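Me: I have a protein model open and would like to talk through how it is put together. Can we go step by step?

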Amino acid sequence: MVKILITCSGIGSRMGEFTNYTNKSLLKIGDKFVVDYILDLFKNIKNVQYIITLGHFGDFVKQYLILAYPNLNFIFVKVDKYSGPGSSLVYSLLKAKKYIQEPFIYITCDTIILDNLKYPHDYKIQSNKLYLYKNKCSQNYASVICQKNTIKTINDKNSKIFDYIYLGKSEIFDYQLFWNILQHIYDKSSNCFNKGDVNVYRKMLQTKTFYFKIINQYFDAGNINVFQSYINKNNEYDVLIKYDESITFHHDKVIKFFYNKEKNLKRIKRFQYLTDVAPKILNYSDNFHVIEKINSRPISENNDRHLIFKLLTWSKNNLWKSFQDTPTNFKTIIRDFYYVKTMKRIKKALEMKIDDYKIINGINIGNIDKIISQVDFNLLCNENISYNFHGDFILDNILSNSDDNSSFKLIDWREDFGGDLKHGDIYYDLAKLKHNIFFNHKNIEQKLYKVEQIQESECVVDLKCNYNLISQINDFEKFVEKNGFNNNKINILMSLIWINMAPLHEYPLNVFLFNFGKYNLYFHNKK
């Protein structure tokens, strides 16, 4: 059996807000989590046991690995001191000592190697070996000087003279010496927060030989600048980045992560109302759920000129089914969802100092308080019939399920509507779809929006839209009219959606959404 040690216990201090909600091994690069790339390196070895140290959001790591890799052999090692006094890589490594009393492979949880290492099924560790990478700068990395096929010297970070940097992967044949030196380092100073595996290798090198292997494709997922440059590289699936939610794609399944446990579990419960129109949920834990992977693309990538009409027709027949057991307090639920939530989001936006321009595109529309006071919330909340709903009914969350785009599958549904898991307002789904026809992920990704300050209280807002989608607005409004829905009510809700979205984003998108929503609300309020 090959033992592979992966340290996932650190707090990821270099990663800023990205690791405020998860462990850095679960950060998404391209279409996968960092730890997926690591496990892929060893998939050819037949008999492997992974020893995983857990600390910062360690339960998330454990949940994910058990769900994603049910056939792999894991030992999870809890590290109590993973931050603050007494914490160090030395301490984390020592926690795994009793599980590894034979030669082993070590790799840090932020090391991504894209080379095919071609491990044979019966691989055996036969020497001490470090994995190296050619880099011009050693500022953040230990480095080495080589002599023929062995390592001569191991340097600390920021060495000026070196051949390669050490990238955080090694093979340890002389494991007893490794553990003895590691223990000695810790015993000498239990506060050795800046010491780790490199200090052990340097000491071992006095009596033992270290070979090396040069890696051609490597990047450091624990360096925020490198991470952000690779975050969407070579991704097949275009996913909006969120700090507190994420997704990874396997060959036969998709796994969603939610920092908010309640949100995840509510989504799973809501699946009972969407069973016929959504991919199957295969498994779940507190913060993850696994769904079947469907061989189709989001309809945001589809150029069918009749797509919106087909989607609305299908949704009417398959999704938007009215309920006979609408709660007696449904109007209150709607009011809480539309009015109360909007007022909270506006308060948050103003606390964030998002600019509340009074003059937009040359028209004096007033501040947000004036605009909101003119909204007819009685019109928005006067519904006696509840419907089955999606809740985030946008093009990225809808998959085409047929060659002629007449059947669909829904993903990433909202967990509730104003706290109700079953009953929702069809107008919200219609407003979300219409909003997304105008403003979608491509607008954000390609920065096709503009907010420009003219004076202290005046700005210009503009938006470049997808022609193919905009050309289908008539189909949308014909469907609305034919089925007896109020189009202006949808437009008001659409404008409120933009305002509500604003405090969830960063500058300048938040300023654009807030004022673009206000601008549209001004006109729809008058109808």
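Reply: What follows is a walk from the whole chain to its helices, rings and cores, and please keep in mind that this is a predicted model.

Me: Ok, how many helices and strands are there in the protein chain?
Reply: The protein chain has 17 helices and 23 strands, and its C-alpha trace spans about 85 × 50 × 40 Å along the principal axes.

Me: And what share of the residues counts as buried?
Reply: Of the 527 residues, 55% count as buried. As for contacts with a separation of 6 or more, 75% of them come from residues 24 or more positions apart.

Me: Let's pick a helix. Which residues of α4 are buried?
Reply: The buried residues of α4 are Y175, F178, W179, I181, L182, I185 and Y186. They cover an arc of only 165 degrees around the axis, so they sit on the same side of α4, while Q176, N180, H184, D187 and K188 on the other side are exposed.

Me: Why would residues a few places apart point the same way?
Reply: An α-helix has 3.6 residues a turn, so residues three or four places apart point the same way.

Me: What do the buried residues of α4 pack against?
Reply: They pack against α3 (89–95), β6 (104–108), β11 (164–172) and α5 (197–204). The length of α4 also agrees with expectation, because its 14 residues, 175–188, should span 20 Å at 1.5 Å a residue and the end C-alpha atoms are 20 Å apart.

Me: Different spot now: where is A96 found?
Reply: A96 is in the loop between α3 and β6, and it counts as buried, with a relative accessibility of 0%. Leaving aside neighbours within four places in sequence, A96 is in contact with L5, I51, T53, V77 and W179. T53 is 43 residues from A96 in sequence, yet the two are 7.2 Å apart in space, C-alpha to C-alpha.

Me: Back to helices. How many residues of α12 are buried?
Reply: In α12, 12 of its 13 residues are buried, so that helix is mostly covered. Among the buried ones are charged-looking names you may not expect in a list like this, including D429, K432 and K434.

Me: What do those buried residues pack against?
Reply: The buried residues of α12 pack against α8 (307–318), α9 (330–351), α14 (467–470), α15 and α16. The helix reaches 19 Å from its first C-alpha to its last, which is close to the 18 Å expected at 1.5 Å a residue.

Me: I keep seeing aromatic rings. How many aromatic pairs does the count come to?
Reply: The count comes to 45 aromatic pairs. One of them joins Y427 and F485, whose ring centres are 5.6 Å apart and whose planes are at 85 degrees, so the pair is edge-to-face. This pair links distant parts of the chain, with Y427 in helix α12 (residues 426–438) and F485 in the loop between α15 (473–482) and α16 (487–501), 58 residues apart.

Me: Are those two rings buried or exposed?
Reply: Y427 counts as buried at 6% relative accessibility, and F485 counts as buried at 19%, where the cut-off for buried is under 20%.

Me: How are the rings of F512 and F516 arranged?
Reply: Their centres are 4.9 Å apart and their planes are at 15 degrees, so the pair is stacked. Both residues lie in helix α17 (residues 509–525), four residues apart, which is about one turn of the helix. F512 is buried with a relative accessible area of 0%, and F516 is buried at 11%.

Me: What lies over the face of Y339?
Reply: R335 does, at 4.8 Å from the ring centre, and in another place K422 lies over the face of F323, at 4.9 Å from the ring centre.

Me: Last topic: which residues touch the most other members of the largest nonpolar core?
Reply: In that core of 84 residues, they are W320, Y338, L380, L430, F439, F476 and F512. Leaving aside neighbours within four places in sequence, L430 is in contact with L312, W320, F476, F479, F485 and I490. A second, separate core has 55 residues, including L54, L67, Y141 and F288. F288 also belongs to an aromatic cluster with Y21, F33, F57, F60, Y64, Y69, F257 and Y259.

Notes:
Residues are numbered from 1 along each chain as its sequence is written. This is a predicted model: local features need pLDDT of at least 70, side-chain atom pairs count only at pLDDT 80 or more; totals for chains, interfaces and linings use all residues. Side-chain values use heavy atoms; hydrogens and water are left out. Rings of Phe, Tyr and Trp (its six-membered ring) pair if their centres lie within 6.5 Å; planes under 30 degrees apart count as stacked, over 60 as edge-to-face and the rest as tilted. Helices (H or I, at least four residues) and strands (E, at least two) are DSSP runs, numbered from the N terminus. Buried means under 20% relative accessible area, exposed over 50%, partly exposed in between (1.4 Å probe, protein chains only). A charge sits over a ring if NZ of Lys or CZ of Arg is within 6 Å of the ring centre and within 35 degrees of the ring normal. The expected span of a helix is 1.5 Å times one less than its number of residues. Contact means heavy atoms within 4.5 Å. The arc is that of the directions from the helix axis to the C-beta atoms. A nonpolar core is a set of buried Ala, Val, Leu, Ile, Met, Phe, Trp, Tyr and Cys residues joined through side-chain atoms within 4.5 Å.
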